[in-house]
Amino acid sequence: KNLSISFTSPINNSLQSKNNKKLTMVEFATPSENQAEVILIGCGCPLRGMGWYHAVQMLGNECPSAKLCHIVEPWFLGGGADGPGGPEF
């Protein structure tokens with residue numbers, strides 16, 4: 001089953017969630033009436049940051065009451081883009 005999420009920057013769209021569901025990107029993600037809309041600010045380094053880990057959990061529907069709708073990453077899309085973790089992001 002494919003899952004949907006919107007990103008404000010291009011990233012690797014071939015992620016796998018913990019339960020091996022393929023994650024894909026679309027223009028918008030909308031929560032259902034039983035889900036909270038989540039805006040993740042400062043998700044951190046891919047495959048290392050705790051925010052990143054929680055994003056993958058939500059994308060994999062491991063937290064069914066939450067819908068990851070937006071990610072804001074000021075460090076890796078700004079001053080940290082050329083530092084450690086920047087290229088992976």
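Helices and strands are here taken as DSSP runs, a helix having at least four residues and a strand at least two, numbered from the N terminus. With these terms, the elements of the chain follow the order β-α-β from the N terminus on. The model is a predicted one.

**The whole chain**

Begin with the whole chain in view. It contains 1 helix and 2 strands. Of its 89 residues, 37% are buried. The chain exposes about 5500 Å², and carbon and sulfur atoms supply 56% of that area. Among contacts with a separation of 6 or more, 61% are made by residues 24 or more positions apart.

**The nonpolar core**

Next, select Leu40, Cys43 and Leu68. These residues belong to the largest nonpolar core, which has 14 residues, and they touch the most other members. Now colour the chain by element: β1, α1 (50-59) and β2 each supply at least two residues of this core. Which element gives the largest share of this core? The largest share comes from α1, with 5 residues.

Keep Leu40 selected and display its surroundings. Apart from neighbours within four places in sequence, Leu40 is in contact with Gly51, Ala55, Leu68, His70, Ile71 and Val72. Leu68 thus appears in this list of contacts and also beside Leu40 among the core residues that touch the most other members.

**The cysteines**

Move on to Cys43. Is this residue buried or exposed? Cys43 has a relative accessible area of 1%, and it is therefore buried, as this value is under 20%. Cys69 may be selected next; it too counts as buried, because its relative accessibility is 1%.

A disulfide is a covalent bond between the sulfur atoms of two cysteines. How many disulfides does the structure hold? The structure holds 0 disulfides. For Cys43, the nearest cysteine sulfur is that of Cys45, 9.2 Å away, and Cys43 is in no disulfide. The cut-off for a disulfide is a pair of cysteine sulfur atoms within 2.5 Å, so a separation of 9.2 Å does not qualify.

**A patch on the surface**

Turn to the surface and select Ile39, Ile41 and Val72. Together they make a nonpolar surface patch of about 280 Å². Ile39 is found in strand β1 (residues 36-41). Its relative accessibility is 49%, so Ile39 counts as partly exposed. Val72 has a place in this patch and is also one of the contacts of Leu40.

**Strand β2 and a distant partner**

Select Lys67, which lies in strand β2 (residues 66-72). Lys67 is partly exposed because its relative accessible area is 22%. Then add Thr30 to the selection. The two residues are 37 apart in sequence, while their C-alpha atoms are 7.2 Å apart in space.

**Two loop residues with positive phi**

The last stops concern the backbone. Most residues other than glycine have a negative phi. Where is Leu47 placed? Leu47 lies in the loop between β1 and α1. Although Leu47 is not a glycine, it has a positive phi of about 65°. With 78% relative accessibility, Leu47 counts as exposed.

Finally, go to the loop between α1 and β2, where Asn61 is placed. Asn61 is not a glycine, yet it has a positive phi of about 60°. Asn61 counts as partly exposed because its relative accessibility is 36%.

Key. Residues are numbered from 1 along each chain as its sequence is written. This is a predicted model: local features need pLDDT of at least 70, side-chain atom pairs count only at pLDDT 80 or more; totals for chains, interfaces and linings use all residues. Side-chain values use heavy atoms; hydrogens and water are left out. Patches are made of residues with over 30% relative accessible area and no salt bridge: like charges are joined within 9 Å, nonpolar side chains (Val, Leu, Ile, Met, Phe, Trp, Tyr) within 5 Å. Accessible areas come from the Shrake-Rupley method with a 1.4 Å probe; for residues, only the protein chains shown count as cover. A salt bridge is a side-chain nitrogen of Lys or Arg within 4 Å of a carboxyl oxygen of Asp or Glu. Buried means under 20% relative accessible area, exposed over 50%, partly exposed in between (1.4 Å probe, protein chains only). A nonpolar core is a set of buried Ala, Val, Leu, Ile, Met, Phe, Trp, Tyr and Cys residues joined through side-chain atoms within 4.5 Å. Contact means heavy atoms within 4.5 Å.
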